[in-house]
Amino acid sequence: FYSIINDPLHPEDVLLQSMIYLGDNHFYIGKLDSAIVYYKLVEDLTILKPNILPVLDRFRILNSLGFSNFELGNYQLARNYFYKALQYENQDFSSKNDVIAVIKINIAAIDKKEHRYESAKNIYFELLKGKYEEEIELKSNFKIELANIYSRNNQPDSAKIILTDADTSK
């Protein structure tokens with residue numbers, strides 16, 4: 001792979017698009033280990049040549065790496081990729097707030113898997129302050145996740161307050 005990056009007979013954009021296509025296909029059929037191999041090659045290439053891929057695509061690749069590792073139970077790797085994706089938080093692309101919210105939701109999901117409920121709660125409370133294209137649906141989901149955390153921590157009154165608020169926000 002690395003030997004053909006600078007080979008004029010193998011244009012890097014064709015190579016890059018092929019790796020993304022193969023990664024996406026493996027991802028969609030559930031072969032996450034294989035998807036990770038291709039996405040990791042794309043990530044490596046974008047590190048060597050940062051402008052070869054648009055910001056939103058780099059963001060998507062990092063999110064896919066994070067999600068794939070999460071699904072495989074590699075929570076620390078997943079967390080690392082999600083935080084790498086957050087480096088694009090200040091970039092300008094459409095639906096940015098919704099996309100960034102998804103990354104933060106994924107980090108909160110890792111926190112919940114690792115029983116770091118306080119950290120997950122903080123993320124959801126932070127997300128409740130944001131503005132989103134799918135405002136009502138997203139914020140209701142954040143509140144439901146908060147209620148689940150309160151329930152797991154034997155705080156049913158707090159869960160009820162959150163859920164009641166989620167129902168009235170529709």
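**Reading rings, helices and core**

Biologist: At 62% relative accessibility, does Tyr28 count as buried or exposed?

Modeller: Tyr28 counts as exposed, since its relative accessibility is 62%. Buried means under 20% relative accessible area and exposed over 50%, with partly exposed in between (1.4 Å probe, protein chains only). Phe27, by contrast, is buried, at 18%. This is a predicted model in which local features need pLDDT of at least 70 and side-chain atom pairs count only at pLDDT 80 or more, whereas totals for chains, interfaces and linings use all residues. Residues are numbered from 1 along each chain as its sequence is written, and side-chain values use heavy atoms, with hydrogens and water left out.

Biologist: How many aromatic pairs does a search of the whole structure find?

Modeller: A pair of aromatic rings is described by the distance of the centres and the angle of the planes. Rings of Phe, Tyr and Trp (its six-membered ring) pair if their centres lie within 6.5 Å; planes under 30 degrees apart are stacked, over 60 edge-to-face, and the rest tilted. The search yields five pairs. In one of them, Phe27 and Tyr28, the centres are 5.5 Å apart and the planes stand at 85 degrees, so the pair is edge-to-face. The rings of Tyr124 and Phe142 have centres 6.3 Å apart and planes at 40 degrees, so that pair is tilted. Tyr124 belongs to helix α6 and Phe142 to helix α7, so the pair ties together parts 18 residues apart in sequence. Both Tyr124 and Phe142 are buried. Phe27, Tyr28, Tyr39 and Phe67 form one aromatic cluster.

Biologist: How many helices and strands does the chain have?

Modeller: Helices (H or I, at least four residues) and strands (E, at least two) are DSSP runs, numbered from the N terminus. The chain has eight helices and zero strands.

Biologist: What span should the 12 residues of helix α4 have?

Modeller: The expected span is 1.5 Å times one less than the number of residues. For α4 (residues 75–86) this gives 16 Å, and the end C-alpha atoms are 16 Å apart, which agrees. The buried residues of α4 are Ala78, Arg79, Tyr81, Phe82, Ala85 and Leu86. Their arc around the axis (directions from the helix axis to the C-beta atoms) is only 165 degrees, which puts them on the same side of α4.

Biologist: Which residues touch the most other members of the largest nonpolar core?

Modeller: A nonpolar core is a set of buried Ala, Val, Leu, Ile, Met, Phe, Trp, Tyr and Cys residues joined through side-chain atoms within 4.5 Å. Among the 44 residues of the largest one, Leu16, Val42, Leu53, Ile61, Ile103, Tyr124 and Phe142 touch the most other members. Helices α1 (12–28), α2 (32–48), α3 (55–71), α4, α5 (96–113), α6 (117–128), α7 (135–152) and α8 (156–168) each supply at least two residues of this core.
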